[in-house]
Amino acid sequence: MRLLRTQSDLDDFGPCEVLVPTMGALHAGHASLVRHGADLAGRVGGRCAVSVFVNPTQFNQRSDFDRYPRTLDADVAVCRAAGADAVFAPDPELVYPPRAPVPIPTLPAVAVRPGLEDAFRPGHFAGVCQVVMRLFQLLRPGAAVFGEKDWQQLRVVSAMTREAGLTIEICPYPTQRDGDGLAMSSRNRFLSDVERAAALAIPRALRAGSERRDAAAAEAAMREVLGTAALRVEYAVCRDAETLGPLSGSGPGRLLIAAWSGSTRLIDNAPWPGV
Ligand code: AMP
């Protein structure tokens with residue numbers, strides 16, 4: 001496996017079949033995402049690259065960016081074990097050349113309308129779309145893998161890619177959870193035992209919501225479970241799975257939650273109605 005840091009490393013490596021974009025601090029959920037990317041690439045005889053880049057433009061709070069964990073050596077080991085062909089860990093100047101501003105693409109409706117991550121993290125999706133387009137330009141993948149854990153991000157990247165007329169296939173990957181049900185996240189390491197216990201109300205609320213056949217009842221069930229825990233809830237909603245607007249009645253729905261446990265912001269989601 002190769003470690004790519006510079007433009008000449010990239011030129012030497014050439015295009016990859018599958019890209020798995022990450023911000024590093026890789027956990028077992030990421031490892032499984034990378035294995036999936038490596039499998040997809042292997043099926044067509046191509047190569048899988050994992051990008052590890054803590055993108056400053058998608059953080060709406062400087063303190064969150066500063067405290068984001070950086071564990072490159074361990075990340076490289078995770079990617080090697082998961083079967084990746086390369087880790088792309090660029091300097092910020094390669095992603096954002098000082099003399100050539102990287103454009104922010106036109107944001108799709110799902111990045112600005114729903115009132116979810118777009119409202120609670122202003123500017124976040126502008127940064128995500130900007131860095132994803134730039135990574136596509138640098139690595140020229142045929143496909144890219146994104147986790148369902150960040151459901152709105154997955155919908156935003158799919159819509160942006162489609163609307164930009166790119167032929168890159170966006171491949172979703174299911175959320176990996178710890179044994180207690182909490183979705184794996186690089187931020188879970190910040191939770192104390194008490195905060196983690198409180199955070200378990202999030203997957204419990206999703207389970208309660210997924211059992212209701214009426215959207216309003218699903219939202220009420222989630223709020224009831226979340227109300228029993230020491231969490232600061234930003235949203236707990238049942239929306240159209242694709243547009244993240246109000247349920248249209250026809251398409252599948254998605255339950256989405258964002259909540260703070262202590263000073264750590266957590267997001268999670270689940271299909272609705274559940275199976
Ligand atoms: P991040 O480094 O947190 O930006 O995540 C990089 C990629 O890993 C994104 O596509 C995430 O959706 C995905 N991801 C993060 N956590 C999980 C998880 N628990 N299960 C599956 N994919 C995940």
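Start with Asp 150 and the ligand. In this predicted model, an N or O atom in the side chain of Asp 150 sits 2.6 Å from an oxygen atom of the ligand.

Next, select Gly 147. Here the backbone makes the approach: one of its N or O atoms is 2.8 Å from a ligand oxygen atom.

Move to Met 184. A polar backbone atom of Met 184 lies 2.8 Å from a nitrogen atom of the ligand. Now show the ligand's surface. On its own the ligand has 490 Å² of accessible area, and the protein covers 93% of that.

Widen the selection to the shell. The ligand has 15 residues around it, and those that come nearest are Met 23, Gly 147, Asp 150, Gln 176 and Met 184. Color the shell by class: 7 residues are nonpolar, 6 are polar and 2 are charged.

Which strands and helix each supply at least two residues of this shell? Select strand 2 (18-22), strand 5 (143-147) and helix 2 (28-43).

Now leave the ligand and select residues 215-227. This is helix 11, with 13 residues. From its first C-alpha to its last it reaches 18 Å, close to the 18 Å expected at 1.5 Å a residue.

Show the side chains of helix 11. Ala 218, Ala 221, Met 222, Val 225 and Leu 226 are buried. Why do these residues fall on the same side of helix 11? Because they cover an arc of only 130° around the axis.

Finish by turning to the other side of helix 11. Select Ala 216, Glu 224 and Gly 227: these residues are exposed.

Terms used. Residues are numbered from 1 along each chain as its sequence is written. This is a predicted model: local features need pLDDT of at least 70, side-chain atom pairs count only at pLDDT 80 or more; totals for chains, interfaces and linings use all residues. Side-chain values use heavy atoms; hydrogens and water are left out. A residue is near a molecule or strand if one of its heavy atoms lies within 4 Å of it. A polar contact is a pair of N or O atoms within 3.5 Å; within protein, one must be able to donate a hydrogen and the other to accept it, and residues adjacent in sequence count only if both atoms are side-chain atoms. Accessible areas come from the Shrake-Rupley method with a 1.4 Å probe; for residues, only the protein chains shown count as cover. Helices (H or I, at least four residues) and strands (E, at least two) are DSSP runs, numbered from the N terminus. Ala, Val, Leu, Ile, Met, Phe, Trp, Tyr, Cys and Pro count as nonpolar, Asp, Glu, Lys and Arg as charged, and the others, Gly among them, as polar. The expected span of a helix is 1.5 Å times one less than its number of residues. Buried means under 20% relative accessible area, exposed over 50%, partly exposed in between (1.4 Å probe, protein chains only). The arc is that of the directions from the helix axis to the C-beta atoms.
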